[in-house]
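Open the model in your viewer and keep the selection tool at hand. We will go stop by stop.

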Amino acid sequence: MTLPRSEYPRPQFVRADWLCLNGEWQFEADQGDSGLDRGLLTRDLKDRITVPFCPESLLSGINNLDYYHAVWYRRTVTIPEAWAGQRVLLHFQAVDYDTTVWVNGQEVGRHRGGFASFTFDLDGVAQPGETVTLVVRARDPRTAPQPRGKQAREYGPEGAIYVRTTGIWQTVWLEPVPQLALRRPRITPDVANSTIRLEQPITNNRPGLRLRAVLKDAAGVVVTAETSAEYDLAPRLDLPIPADRKRLWSTTDPHLYDLEISLIDAQGNVVDRAQSYAGLRSIAIVGKAVKLNGKTVFQRLVLDQGYYPDGLMTAPSDEALRRDIELSMAAGFNGARLHQKVFEERFLYHADRLGYLVWGEFGDWGCSHNGPLDGEHQMPTAAYITEWLEVLERDYSHPAIIGWCPLNETWQSITDNITQLDVITQGMYLATKAMDTTRPVLDTSGYSHRVPNADIYDSHDYTQDPDTFAKRHAGLAEDKPFLNHFNDWGVPSHMVRNPNWSLPYKGQPYFVSEFGGIWWNPDVKPGEVSWGYGERPKTLDEFYDRFNRLFAALLDDVNMFGYCYTQLTDVFQEQNGVYRFDRSTKFDMECIRLAQQRPAAIEMAEG
């Protein structure tokens, strides 16, 4: 039987040996979260599920859209004897939301968060050659404030909210590592000095231990560097690239260098080795322009929510991940906001290879409706910062990521009080800047900008009339851009003391990070729920006219560094995608592509 999603799940840090644990697992719903008391830890479970697909999905074999307060998984696995002498790591690429894992009845770890990857060390619990029983419990309460992204709290899906994802939804796998081992590296490009910088955490220091890195291109070895690894928890290496081998990563030439990292003991033996890759590219802010490798590249982004009809948040195949990027590029986009979801690592790998710009975003929705509109309306918890730090650590080294967006459409009045939203927004921004000094950070996309002098400023504007749309954004030339406020939601003024959501604009690079969303479904059936933003165009020609004129208003604005159109595909009832939910075509894609292909005013201004 072919295992589902059997490709290597961590393509930027590859070891030769691993064991995929996808496929059939025992499964049981635990609606009262009483399974531990009822013996689910020690007995066989009633149902079967196909991992890594969540039980709400068709591909899981369960396909139940009702609420799960907790779910249990169970399977046995024989750890290969060939791994003798090594520690065994159990990796989960993503499980939603509170996870506890037992091996042979012994708890080996817990993790909170539905988007970040996590690992448990089985040393002392399970050894190579043994057959062990793995049990996983995932709790996913529907009412508590927690990062959910677009998952419905109600039965759903409804409006811009979709089907829930509970439990395991990305690959589960085992990996052997030596006692002295490499950990996830941080790879930083330095274009000014033509250098790739490697920061390499290791598990243990020993006298005589050394770190070696070899950078290669198609012609062979570019540079080899080596340093002592006996003194520092994370030894550092510079890999200077000679002028004749320097090749920048860009949207038109997404060149990647191969990187081999080795840990060598005092006797000269390689005790651990991993394969990686690196892209040499820079990001800078000059006035209102965001520059890639010193050149203004207008960011023609599309909103990508990463949902699939049969797998929900899990792509049915690796090919489906790559295909989404290719479809976007065929439509004229050069990148995406990865919206309200932390995308799996293999998507980022394909973006790196294809030269596709992406903004990394957290799936933060799920903390609203906890108070009045002008008070503590949104109350994200410390768990938001914790999981976001895990995401940043995992994805730091991908050259395709050109910006970070910790929060999206937080909306709450600015009042005389410092609110929990204020503190968490500031905390997530500072955490991002502390983890990554190389990329711009947007404190929140669209609404409640609460960090003074954040790197980027933006708005969301779904106005459908192109003339009105252009007028709303004409003030950017005088540093008076369109800002979101309570009027966007039609909230009566008597319900709020202060209609302002955001701190004032300070001249940062600015873009409309959500617009369009034009409602179009030529195949809508009687009784089918279908919606988009504004009035549905009456004809296809009317759609193309609106589409072209909305894009033109932003492309022609010399102060606008990019845009993000909603959205790549229809998602369930939200039918405003460039493609249908099944990724089939519903427009003349040449018309869609040509609307974006002329040079943007900010690009031409550079000369």
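Start at C367. This cysteine is buried, with a relative accessible area of 3%. Bear in mind throughout that you are looking at a predicted model.

Next, show the sulfur atoms. The closest cysteine sulfur to that of C367 belongs to C405, 13 Å away, which is too far for a bond. Now select C405. It is buried too, with a relative accessible area of 2%. From the C405 sulfur, the closest cysteine sulfur is in C564, at 9.9 Å. That pair is also too far apart for a bond, because a disulfide needs the two sulfur atoms within 2.5 Å. How many disulfides does the structure hold? The count is 0.

**The cores**

Nonpolar side chains tend to be buried together in soluble globular proteins. Select F347, V358, F515, F543, Y565 and I592. These belong to the largest nonpolar core, which has 93 residues, and they touch the most other members. Which helix gives this core its largest share? Colour α6, residues 540–555: it supplies 7 residues.

Stay with I592 and display its neighbours. Leaving aside residues up to four places away in sequence, I592 touches A331, F543, Y544, F547, V578 and F587.

Then move to F27, L90, F118 and A126. They are among the 30 residues of a second, separate core.

**The largest pocket**

Switch on a surface. Rolling a probe the size of a water molecule over the atoms shows where empty space is left. The largest pocket holds about 920 Å³ of space. To find its centre, select I161, W365, E409, W411 and W489, the closest to that point among the 40 lining residues. Colour the lining by class next. You should get 12 nonpolar, 16 polar and 12 charged residues.

**The second largest pocket**

This one has a volume of about 740 Å³. Which residues lie closest to its centre? Select H91, T119, R183, R184 and E393, from a lining of 29 residues.

Now bring up the elements around this pocket. Strands β5 (87–92), β9 (118–121) and β12 (172–177) each give at least two residues to the lining, and so does helix α3 (382–395). Colour by class once more. Here the lining divides into 11 nonpolar, 5 polar and 13 charged residues.

For a last view, show both pocket centres together. Keep W365, W411 and W489 displayed for the largest pocket, with R183 and R184 among those displayed for the second largest.

Notes:
Residues numbered from 1 in each chain as written. Predicted model: local features only at pLDDT ≥ 70, side-chain atom pairs only at ≥ 80, totals over all residues. Heavy atoms only, no water. Core = buried A, V, L, I, M, F, W, Y, C linked by side-chain atoms within 4.5 Å. Buried < 20%, exposed > 50% of the residue type's maximum accessible area, 1.4 Å probe, protein only. Helix = DSSP H or I, 4+ residues; strand = E, 2+ residues; numbered from the N terminus. Contact = heavy atoms within 4.5 Å. 1 Å grid on protein atoms, 1.4 Å probe; cavity = no way out; pocket = protein on both sides within 12 Å on 5 of 7 lines; lining within 4 Å. Points joined across faces, edges and corners; volume = space filled by probe spheres on them. Nonpolar A, V, L, I, M, F, W, Y, C, P; charged D, E, K, R; others polar.
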